[in-house]
Amino acid sequence: MVITPHPDDAEIGAGGTLARWISDGKSIIYVVCTNGDKGTSDADINLEDLAKIREKEQMAAAKVLGVKEVIFLRHPDQGLEDTPEFRKELVRLIRIYRPETVVTTDPYRRYLWHRDHRITGQVAMDAVFPYARDHLSYPDLMEEGLNPHKVGEIFFWASEDVNYRSDITGTFHLKLTALGCHKSQVGHLQPNELEERLRQRHESMAEKEDFHLAEAFHRVEILR
Ligand SMILES: [Zn+2]
């Protein structure tokens, strides 16, 4: 399960890794927390139109990677807070879909870090541990038949404390195509500019590895 702040963050952070996991037979589900309706510098576009465009772009990108299902929570962009309601929303989904792995954004980047990213990472982590795990956390969810679930590992993208580099050499092209679906975000770039930027970024992430292109994460294994 990928818990992502905005449409496009999952592809930027983990698109190559997700495509590789999918080719290995894993099922991936996206949970997109906000509608991305502030993600533009175009003063003429209205918020509702942008939210619709970004959902379509997200669906197209997910299709390129082979993501099985996309759930839109549709919170307003720049509007996420660490609330009991948001946490429970994520716990509910974790208990319904029962993922082995959760992939999200690292909440612990210092200084400038988009508030929605910080909060998504924080709330996703709390939802995994301990709230989805413990049967006494939400008696009402138990009554609905949503039993506790133990996630096995969390991958945080955009981490300043990388401890895991994932080989995306074989799926880089899918990441690039998926990211290209987010035209409202990358449409201003010249052809090849996106590819060149991405390639440089992922080459440098693979510097210490014996493969060519990597995505970098902080991975936490959750002991059971
Ligand atoms: Zn974002």
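Contact, as the word is used in these legends, means heavy atoms within 4.5 Å, and the model shown in every view is a predicted one.

**View 1. Helix α8 and the elements that cover its buried residues.** Helix α8 comprises residues 193-205, and its 13 residues reach 18 Å from the first C-alpha to the last, close to the 18 Å expected at 1.5 Å a residue. Leu 194, Leu 198 and His 202 are buried in this helix, and, seen down the axis of α8, its buried residues fall within an arc of 45°, so they line one face of the helix. An α-helix has 3.6 residues a turn, so residues three or four places apart point the same way. What covers the buried residues of α8 includes α6 (172-180), α7 (183-186) and β7 (214-221), whereas Arg 197 and Gln 200, on the other side of α8, are exposed.

**View 2. The zinc ion and its donor atoms.** The zinc ion is coordinated by His 6 through ND1, by Asp 9 through two OD entries and by His 117 through NE2, at 2.1 to 2.5 Å. The four donor atoms subtend angles of 56 to 141° around the zinc ion, which makes the arrangement irregular; four donors would count as tetrahedral if all angles lay between 85 and 135 degrees. Along the chain, the donors of the zinc ion follow the spacing H-x2-D-x107-H. The pair His 6 and His 117 links distant parts of the chain, 111 residues apart, with His 6 in the loop between β1 (2-4) and α1 (9-23) and His 117 in helix α4 (residues 115-131). Both His 6 and His 117 are buried.

**View 3. Thr 17 in helix α1 and its contacts.** Thr 17, which is found in helix α1, counts as buried because its relative accessibility is 1%, and buried means under 20%. Leaving aside its neighbours within four places in sequence, Thr 17 is in contact with Ser 166, Ile 168, Glu 215 and Phe 217.

**View 4. The protein chain as the setting for the close-ups.** The secondary structure of the protein chain comes to eight helices and seven strands, and the C-alpha trace spans about 55 × 45 × 35 Å along its principal axes. A compact globule with 224 residues would have a radius of gyration near 17 Å, and the 17 Å of the protein chain agrees with this. Buried residues make up 50% of the 224 residues. Among contacts between residues at least 6 apart in sequence, 79% join residues at least 24 apart.

Methods. Residues numbered from 1 in each chain as written. Predicted model: local features only at pLDDT ≥ 70, side-chain atom pairs only at ≥ 80, totals over all residues. Heavy atoms only, no water. Helix = DSSP H or I, 4+ residues; strand = E, 2+ residues; numbered from the N terminus. Expected span 1.5 Å × (residues − 1). Buried < 20%, exposed > 50% of the residue type's maximum accessible area, 1.4 Å probe, protein only. Arc of directions from axis to C-beta. Donors = N, O, S within 2.8 Å, 3.2 Å for Na, K, Ca; no water. Tetrahedral: all angles 85-135°; square planar, octahedral: opposite > 155°, others 65-115°. Rg over C-alpha atoms; globule rule 2.2 N^0.38 Å.
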